[in-house]
Structure formats: structure tokens, C-alpha cells
Amino acid sequence: MIKFLDLQKINLLHQEAIEARLLKTFRSGWYLLGEETRNFEQNLANYLGVKHVIGVANGLDALRLILRGYTELGFMQQGDEIIVPGNTFIATLLAITDCGLIPVFAEPDINTFNISVENIEKAVTPKTKAIMPVHLYGRIAYSNELKALAEKHNLKIIEDNAQAIGATWNGIKSGNLGDAAGFSFYPGKNLGALGDGGAVSTNNDELASVIRAIANYGTTEKYVNKYRGLNSRLDEMQAAILDEKLKHLDAENQRRQEIAVFYNNNIKNDAITLPQIPEKGNEHVWHLYVIRTTDRTRLQQYLTEKGIQTLVHYPIPPHKQEAYKEYNHLCLPITEKIHTEVLSLPISPVLTDDELTIIAEAVNSFQ
Ligand SMILES: *Cc1c(COP(=O)(O)O)cnc(C)c1O
């Protein structure tokens with residue numbers, strides 16, 4: 001059986017280094033808001049080329065905290081609108097609605113799976129305060145047109161960068177393109193912790209200090225609470241692990257790129273549409289390798305029988321979820337087509353060339 005994602009094998013690559021870091025943290029007697037977290041925040045900030053990184057408890061919190069931060073700063077208030085792609089993981093939506101903000105769905109471009117600027121423009125109203133592009137599957141959803149549109153309407157760009165750490169646009173890293181970005185270190189992400197973790201990045205000093213305070217009970221100095229905060233902190237153990245794994249992120253992302261190129265060159269089946277590789281200078285980090293077919297159920301079944309595990313990201317779009325009944329009536333044909341047709345093939349830095357050949361041959365023999 002070729003697993004969709006072999007997390008054990010991925011983490012065993014770094015076993016010795018991680019064990020040493022964990023032992024050091026264990027023995028330090030300091031487990032929250034300490035040296036390991038500060039160190040990782042600084043190393044990630046340097047990697048991204050941003051001024052501030054704030055470690056938080058998970059990716060959903062990172063996005064919530066950015067919106068809470070802008071609300072505390074008076075840039076937005078409850079009832080304002082945030083434009084999001086219709087096809088995303090539910091967390092993007094939860095961050096918005098949890099802050100009392102209104103999500104406005106824009107359709108993606110079916111070739112890139114990312115939010116289209118044309119459709120964002122149609123969704124702008126006087127209540128719009130931000131655009132939340134999601135760099136879905138590891139591909140950057142940013143362009144000069146997006147930036148110009150945001151500037152024209154005085155909108156913030158908040159990147160959902162949970163899936164694209166290390167990706168670049170014209171040489172600039174994701175997380176350093178908009179006004180602020182949320183990262184997830186969920187174990188299955190390209191930079192994965194051994195548990196939950198997340199981060200916010202921004203070049204805005206004021207926003208960074210508000211978010212740092214809100215994430216720690218709204219505390220500006222010990223036992224002084226300026227905001228009604230949350231408890232959302234990255235712990236020292238996870239920070240130490242992430243700091244170690246960050247050193248290998250580029251090499252692991254490069255292996256993902258090799259795999260994507262291999263699949264694109266070797267999968268030949270008229271029933272299947274392959275994902276597009278962006279132009280040079282724009283590095284896609286292939287968190288997921290997602291193909292499309294109108295015959296998904298049968299293809300997935302066929303691959304299972306051949307010993308290849310695949311997944312669907314995602315089977316139900318947010319606007320059709322029971323949690324969002326008020327949006328169930330919306331009709332987003334491109335989003336819905338994507339959710340009906342996509343299938344994710346295994347991709348990870350530990351897949352072997354032999355496994356890739358088996359997968360490509362299996363997909364090619366499907367009819
Ligand atoms: C994983 C993910 C999140 C949430 O991250 P968690 O760490 O699981 O809270 C948010 N948005 C997208 C697009 C994701 O893939």
C-alpha cells in the first residue's frame with residue numbers, strides 16, 4: 001500500500017536532531033513563551049523576509065487573530081465583509097465568521113484553483129474591508145492585479161498561507177505578499193509540528209503587537225489586560241521541532257516539485273486534467289498534487305484496488321456545509337465543479353522514484 005502521506009517516515013528523517021532539541025527543552029524547565037519560540041519566530045521571519053512572526057496555537061487561530069487585530073485597531077468591525085474563495089478549507093470561513101465578519105464568496109480560476117481577481121472585483125461593496133486569498137494546494141494566489149485592486153478599494157490582503165510555506169511570487173515568499181498572513185503547522189502541512197501549531201507574519205508593527213497581546217489573554221504587561229484576548233500560543237516543544245525542520249523545508253519542497261514534474265510528464269490519460277506548473281520565478285510548493293476527472297469515484301476506487309491511497313480536498317465546499325446553512329442556497333458553479341472532480345495523488349518528500357512510477361502507471365491504465 002502506498003500511503004497518501006507517511007508522516008512517520010517524514011519525521012524519522014529528522015529523528016536525532018528533534019530528539020536532541022526536545023530533550024534540551026524538557027530539561028530547560030521553561031515550556032511557554034520562551035527562548036525556543038522567540039528563536040523560531042526570528043528564524044521564520046528571516047526565512048520569509050518579514051519584520052514580525054508571532055507563534056500561535058494553530059492555523060485557524062492565526063487567521064482569527066489577524067482579523068481580531070484589525071478589529072481592535074478600528075480598521076474593521078462586526079458586519080464588515082471579507083472576500084474569500086468559494087473553494088477552500090473550512091478554517092478560512094470559520095476565522096471570518098468567528099469574528100462577526102461576513103464572508104463574501106468569489107469563484108476561483110479552474111486552471112489554478114485560486115481566487116480570480118475578476119471575480120473579486122465583482123464582489124467588492126462599500127462594506128468590504130479585506131480580501132483573504134488562499135494559496136491553495138501550495139500555489140500562490142497573488143498578482144499585480146490583486147494588489148492594484150486592493151489598493152484601489154483600500155482593502156487589506158490577508159494571506160491564508162496554511163498550505164504554501166516556502167512558495168514564491170517573483171522571488172518574494174508567500175506570507176510577505178499581503179498585509180498579514182496566517183500559517184499552519186498541522187502535522188500534515190509542508191512544515192509540520194508533532195501536534196498543533198501556527199503563526200502570523202506581518203510587516204506592520206502595530207498589528208504585530210496587538211496580535212501578540214490578544215494571543216496571550218490580551219495582556220500588554222503582566223496582569224494588565226488591554227483586550228479580551230485568547231490563549232493561543234505556540235509551545236516551546238513544537239517551536240523547537242519546527243525550528244529544526246525549517247532548515248530542511250526548501251529541500252523537501254524541492255522534492256515535492258520534482259514529483260509534480262514527474263507526474264505531469266508521465267501521466268497521460270485523456271480522462272484526467274493535470275495541475276499546471278507556474279512560470280519560473282513563481283515556486284509552487286505542492287502541498288497537494290490535485291488532478292481533476294469527471295469519473296472521480298471510479299478512479300479513486302481503481303487506485304485503492306491497486307494499493308494507492310488518495311484523498312479528496314475537499315468533498316463539500318464551505319457554502320454547502322450544514323454549519324453555513326445561510327449560504328446553502330448560493331450557486332458557485334466553478335467551486336462546485338472543483339469539489340466534484342478533484343482527487344489528490346500522494347505527494348511528499350519521502351515517496352521513492354519506484355512508487356512514483358507505480359502511481360503514474362496505475363493512473364495511465366485507468367479507463
Ligand atoms: C490547515 C488549514 C488551515 C487551518 O490550520 P490548523 O492549523 O489546522 O488550524 C487553514 N486554512 C487552510 C487553507 C488550511 O489548509
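Me: Which helix lies across S1, strand S8 and S9?

Reply: This is a predicted model. Strand S8 covers residues 180-184. The helix lying across S1, S8 and S9 runs at about 135 degrees to S1. It spans residues 35-48 and is helix H3.

Me: Which helix packs on the sheet, touching strand S2, S3 and strand S5?

Reply: Strand S2 is 81-85 and strand S5 is 156-160. The direction of the helix makes about 145 degrees with that of S3. Its residues are 90-98, and its name is helix H5.

Me: What is the order of the strands in the open sheet?

Reply: The sheet has seven strands, with mixed pairing. Its twist averages 25 degrees from one strand to the next. The order is S1-S9-S8-S5-S4-S2-S3.

Me: Why is one side of strand S1 and of strand S3 left without a neighbour in the sheet?

Reply: Strand S1 is 52-56 and strand S3 is 102-106. Each has a single partner strand, so one side of each has no neighbour in the sheet. The reason is their place: both stand at the edges.

Me: Which residue in S9 is the bridge partner of His-52?

Reply: Five bridges join S1 to strand S9, residues 198-202. The two strands run antiparallel. The partner of His-52 in S9 is Thr-202.

Me: How far apart are the closest N and O atoms of Lys-24 and Glu-36?

Reply: A salt bridge here needs a side-chain nitrogen of Lys or Arg within 4 Å of a carboxyl oxygen of Asp or Glu. Lys-24 and Glu-36 form such a bridge. Lys-24 sits in helix H2 and Glu-36 in helix H3, 12 residues apart. Their closest N and O atoms are 3.6 Å apart.

Me: Where is the place of Tyr-314?

Reply: The peptide bond from His-313 to Tyr-314 is cis. Its omega is near 10 degrees. Tyr-314 is also among the residues nearest the centre of the largest pocket. Its place is the loop between helix H11 (296-305) and helix H12 (333-341).

Me: Which element gives the most to the lining of the largest pocket?

Reply: The largest pocket holds about 540 Å³ of space. Its lining has 29 residues. Helix H4 (59-72) and H5 each supply at least two of them. The element giving the most, with three residues, is H4.

Me: How many charged residues are in the lining of the second largest pocket?

Reply: This pocket has a volume of about 260 Å³. It is lined by 18 residues; Leu-33, Glu-41, Ile-54, Arg-212 and Asn-216 lie nearest its centre. Five of the lining residues are nonpolar and seven are polar. The charged ones number six.

Me: What is phi of Phe-113?

Reply: Phe-113 is in the loop between S3 and helix H6 (117-123). It is one of the residues lining the largest cavity. Its phi is positive, in a residue other than glycine. The value is near 70 degrees.

Me: Which helices give two or more residues to the lining of the second largest cavity?

Reply: The second largest cavity has a volume of about 60 Å³. Its lining includes Leu-7, Ile-10, Glu-252 and Arg-256. Helix H1 covers 7-12 and helix H10 covers 249-266. The helices asked for are H1 and H10.

Methods: Residues numbered from 1 in each chain as written. Predicted model: local features only at pLDDT ≥ 70, side-chain atom pairs only at ≥ 80, totals over all residues. Heavy atoms only, no water. Pairing = 2+ DSSP bridges. Helix = DSSP H or I, 4+ residues; strand = E, 2+ residues; numbered from the N terminus. Axes fitted to C-alpha atoms, helices over the stretch in contact; angles between N-to-C directions. Contact = heavy atoms within 4.5 Å. 1 Å grid on protein atoms, 1.4 Å probe; cavity = no way out; pocket = protein on both sides within 12 Å on 5 of 7 lines; lining within 4 Å. Points joined across faces, edges and corners; volume = space filled by probe spheres on them. Nonpolar A, V, L, I, M, F, W, Y, C, P; charged D, E, K, R; others polar.
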